[in-house]
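Student: Could you walk me through this structure, one part at a time?
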Amino acid sequence: MVVKVFVNGFGTIGKRIAMAVMRQDDMKLIGIGKRTPDFKALVANKLGIPIFVENEDEAKNFEEKGLKVVGFVEDAIREADIIVDAAPKGIGKKNKGIYQQHGKKAIFQGGEEESVAEVSFVAQVNYDKALGKNYIRVVSCNTTAISRVIHTLRSLSPIEKVRVVLVRRAADPWEVKKGPINAVIPTLKIPSHHAPDAKTVLGDIDIVSFAVVVPTTIMHLHVLNVKFKEQVSESDIWNALEEAPRIILVPTNLKLDSTAALIELARDLGRPRNDLYEVMVFGKSIRIIDGELWMSYAVHQEAIVIPENIDAIRAAMNLTDNPEESIRKTDMSLGVLKRL
Ligand code: NAD
């Protein structure tokens with residue numbers, strides 16, 4: 001079965017999802033929903049990706065700028081088996097009405113509230129819970145990273161508590177109007193929204209998160225502290241992380257010791273758009289001190305949720321009930337690495 005996918009929204013996340021769908025042999029991209037006649041629409045035209053717009057006025061607006069449009073969003077929704085909504089934060093909830101009206105399944109992004117979907121999703125944690133569901137929320141970049149890491153660590157021992165400090169990029173690289181450009185801003189709400197969001201995937205764990213925003217655009221970085229209920233060694237942690245999908249242990253003896261170095265690595269590996277789909281754990285940062293784990297990892301906010309969106313489509317459409325099979329297929333298609 002080949003599933004017909006419509007990606008509604010072609011920004012940072014949507015354009016990556018659309019390209020990833022095009023790489024799957026069990027999916028067909030029928031097109032993208034686009035609001036703004038900008039350079040991203042020009043790219044879609046050049047790549048032969050059909051653009052659907054809201055109405056006649058929008059179509060005219062695109063055509064006046066020399067951009068080709070093939071139809072209206074509602075036509076695409078009608079034609080699709082499933083919609084991946086990649087509209088800005090909060091808009092997905094508004095878009096849901098039209099998906100429901102046409103009886104179509106939909107995948108939402110992490111900017112939406114938990115209540116938009118039946119399940120908050122990270123493939124290696126709860127693929128099974130998403131099987132056959134009509135509405136799935138792929139959680140945010142930070143929550144995806146926390147969920148992958150904590151799910152892996154708790155396979156070693158039950159966890160007593162998790163404390164995590166998130167050093168957040170201020171904006172995505174193309175966003176010129178966001179900041180700060182010369183300040184570090186602590187999020188004064190503690191826990192930050194990340195801890196409760198992680199519980200939507202991991203269940204009821206003791207987790208507190210604290211976030212600061214810094215003037216960088218390339219990646220987030222987390223500092224993680226975990227207290228286990230049983231004794232766990234540094235090599236146990238090393239081995240578990242090395243075996244887990246979509247987590248890479250970064251060898252720090254190769255000067256891969258910053259977010260800048262990691263993005264340079266992605267460039268040198270020829271990754272499209274420098275995308276790092278994996279949680280990049282700084283190997284040398286893994287330390288057990290007084291029985292508690294400390295470690296640090298980097299998260300490429302623009303890319304980490306892309307494999308999850310592909311797996312969410314497979315789960316919703318029952319393309320396979322085997323999470324490992326979907327993860328393997330997605331990872332092969334995107335060139336996700338197990339180790340460097
Ligand atoms: P973006 O602003 O880069 O892209 C959103 C796109 O949707 C734009 O092209 C916009 O024109 C279009 N759009 C506007 N209104 C629309 C509508 N009514 N219907 C369809 N499309 C519409 O945003 P983004 O960063 O790609 O974020 C999308 C979602 O992904 C959000 O929920 C966000 O929280 C989540 N997310 C973002 C990141 C990130 O780092 N950027 C990471 C993980 C998850």
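Tutor: We can take the ligand surroundings and then one helix, keeping in mind that this is a predicted model.
Student: Which residues come nearest to the ligand?
Tutor: Thr12, Ile13, Arg35, Arg169 and Asp172 come nearest, out of the 22 residues around the ligand.
Student: And what does Asp172 put close to a nitrogen atom of the ligand?
Tutor: Asp172 places a polar side-chain atom 2.6 Å from that nitrogen atom, whereas for Thr12 a backbone N or O atom lies 3.0 Å from an oxygen atom of the ligand, and for Gln301 a backbone N or O atom lies 3.5 Å from a ligand oxygen atom.
Student: How much of the ligand's accessible area does the protein cover?
Tutor: The protein covers 85% of the 820 Å² of accessible area that the ligand has on its own, and the elements giving two or more residues to the surrounding shell are helix H1 (12-22) and H5.
Student: Switching to H5, which of its residues are buried?
Tutor: In helix H5, which spans residues 91-101, the buried ones are Gly92, Asn95, Lys96 and Tyr99; they lie on the same side of H5 because they cover an arc of only 130 degrees around the axis.
Student: What do those buried residues pack against?
Tutor: They pack against strand E1 (3-8), helix H4 (73-79), strand E5 (82-85), strand E6 (105-108) and strand E8 (135-138), while the face turned away from the buried side carries the exposed residues Lys94 and Gln101.
Student: What about Gly103, is its phi positive or negative?
Tutor: Gly103, which follows H5, has a positive phi, near 65 degrees.

Notes:
Residues are numbered from 1 along each chain as its sequence is written. This is a predicted model: local features need pLDDT of at least 70, side-chain atom pairs count only at pLDDT 80 or more; totals for chains, interfaces and linings use all residues. Side-chain values use heavy atoms; hydrogens and water are left out. Buried means under 20% relative accessible area, exposed over 50%, partly exposed in between (1.4 Å probe, protein chains only). Helices (H or I, at least four residues) and strands (E, at least two) are DSSP runs, numbered from the N terminus. The arc is that of the directions from the helix axis to the C-beta atoms. Contact means heavy atoms within 4.5 Å. A residue is near a molecule or strand if one of its heavy atoms lies within 4 Å of it. A polar contact is a pair of N or O atoms within 3.5 Å; within protein, one must be able to donate a hydrogen and the other to accept it, and residues adjacent in sequence count only if both atoms are side-chain atoms. Accessible areas come from the Shrake-Rupley method with a 1.4 Å probe; for residues, only the protein chains shown count as cover.
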